[in-house]
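Thank you for making room for this on the agenda. I would like to walk through one structure with you, slowly, and I will ask a few questions along the way and then answer them.

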Amino acid sequence: MKNSRHIAGSIGRVLKYLHAFGYVLIATVMGTSVLPTAAAAATLDVQSPLESIAALASRNLMLTVAEGPFIMGTTRANHEPFSLDLQYDDTEQPQRRVWLNRYEIDRDEVSLGEYLLWLQQQQRHLPEEIRKLIDHVTTIHAMQPETLTRWPALYVTWSEASDFCHARDKRLPTEAEWEKAARGDRGNLFPWGQRPPTPALAMFGQYHAHEIPIVASVDSGKEGRSPYGLHHMAGNAAEWVEDWFGIDYYATMPDRNPQGPANGRYKVVRGGSWKSTPALLRTATRSGASPNQRAATIGFRCARSSR
């Protein structure tokens, strides 16, 4: 009888373990959400760094630029050889007086948070360069989503920047719109005026051996604001604009609302970046890049024609 009770107890324990195993097996097949444990619930609440950065995105403010003329380009004049008043190259000449209709333009560069949120909403593929960058700075440098969400969006092609703006009922600014928003109607040498750049005015002249961007939050930089109140029109991220790059376009462009050449090989990039020298931060300095290029130095902002 004693042996019988021992055998029965052993069988009961085995059945109990088999019942528990079966519950776990069913839970595994159906998904861990059926497991009534705090650990499982916590796992479901954990977001990836990409999701966290996107979740913290905030909408960009837009500022109005009044209609009227402004000075575009650089005049031919005798300056000291290394003066910042000297043209960067001949493509910003001749200087022209250009009239623009009223328009609106983003106060800040498009942020990384805004861009990642748009990629999610559009179910677009995340560029490998952005994924590697975020993996690196979150694991090696322990950067938090609250910081990264306010970084400028980088490694963005021209067409992706254009698509983003159109999805927001906006567009990329024309080169003329960008320059007027940067320098005002009095022809400022830099967004803040005539003074050379300093670290308090712009993010520039930085270097990193592994091309990790050294950038500022897109909504910072108040000391270096343009006459219309825009941030980081010099340094931080260079910016795509709508126009094709025309070497001699200034000589032939219309006096009102120029739209750039009809075609070309490169798209215009303006403003200089976190890596740039002071000369590239000038409001009149022009540069260009292949529309398909992804760079750690190029971002964008959007504009909109006033209704």
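What follows goes from the overall make-up to a few helices, the sheet, and some individual residues.

Please keep in mind throughout that this is a predicted model. The secondary structure of the protein comes to eight helices and nine strands, and of its 307 residues, 46% count as buried. If we take the contacts with a sequence separation of 6 or more, 78% of them are between residues 24 or more positions apart.

Let me begin with helix α5, residues 128-139. With 12 residues at 1.5 Å a residue, α5 should span 16 Å, and its end C-alpha atoms are indeed 16 Å apart, so the expectation and the model agree. Which residues of α5 are buried? They are I130, L133, I134 and V137, and because they cover an arc of only 95° around the axis, they sit on the same side of α5. The face turned away from that buried side carries K132 and T139, both exposed. As for what covers the buried residues, the list includes α3 (49-55), α4 (112-122) and α6 (145-148).

Helix α4 comes up again when we turn to α7, whose buried residues pack against α4, β5 and β6, the last of these being residues 267-270. The buried residues of α7 are W158, E160, A161, S162, F164 and C165, and after the helix comes D169, with a positive phi near 60°.

One name in that list, C165, leads to the next topic. How many disulfides does a search of the whole structure find? It finds one, and this disulfide joins C165 to C302, with an S to S distance of 2.1 Å. The pair links distant parts of the chain, since C165 belongs to helix α7 (residues 158-167) while C302 is in the loop between β8 (298-299) and β9 (303-305), 137 residues apart. The torsion about the S-S bond is about -85°, which means that the disulfide is left-handed. Are these two cysteines buried or exposed? Both C165 and C302 are buried.

Strand β9 brings us to the sheet. This is an open sheet of three strands in the order β1-β4-β9, and the pairing is antiparallel. The edge strands are β1 (62-65) and β9, each of which pairs on one side only, and neighbouring strands of the sheet are turned by 25° against each other on average, direction ignored. Strand β4, residues 103-106, and β9 pair in the antiparallel sense over three bridges, and within that pairing the bridge partner of Y103 is S305 in β9. Helix α8, residues 175-183, packs on this sheet, where it touches β1, β4 and β9, and its direction makes about 75° with that of β4.

There is also a pairing between β2 and β3 to consider. Strand β2, residues 68-72, runs antiparallel to β3, and five bridges join them; P69, for example, has W99 in β3 as its bridge partner. Along β3 itself, residues 96-100, the side chains alternate: R96, V98 and L100 point to one face and are buried, whereas R97 and W99 point to the other face and are not.

Two individual residues deserve a slower look. The first is I71, which lies in strand β2. Its relative accessible area is 21%, and because buried requires a value under 20%, I71 is classed as partly exposed. Leaving aside neighbours within four places in sequence, I71 is in contact with Q95, R96, R97, E179, R183 and G187. Its C-alpha is also 6.4 Å from that of D185, although I71 and D185 are 114 residues apart in sequence.

The second is H232. Where is H232 found? It is in the loop between α8 and β5 (238-244), and with a relative accessible area of 6%, H232 is buried. Not counting residues up to four places away in sequence, H232 touches E109, A216, S217, V218, S220, G221, E239 and R301.

To close, I would return to the one disulfide that the search finds, with C165 in α7 and C302 in the loop between β8 and β9. That is where I will stop, and I am happy to go back to any part of the model.

Notes. Residues numbered from 1 in each chain as written. Predicted model: local features only at pLDDT ≥ 70, side-chain atom pairs only at ≥ 80, totals over all residues. Heavy atoms only, no water. Helix = DSSP H or I, 4+ residues; strand = E, 2+ residues; numbered from the N terminus. Expected span 1.5 Å × (residues − 1). Buried < 20%, exposed > 50% of the residue type's maximum accessible area, 1.4 Å probe, protein only. Arc of directions from axis to C-beta. Contact = heavy atoms within 4.5 Å. Disulfide = S-S within 2.5 Å. Pairing = 2+ DSSP bridges. Axes fitted to C-alpha atoms, helices over the stretch in contact; angles between N-to-C directions.
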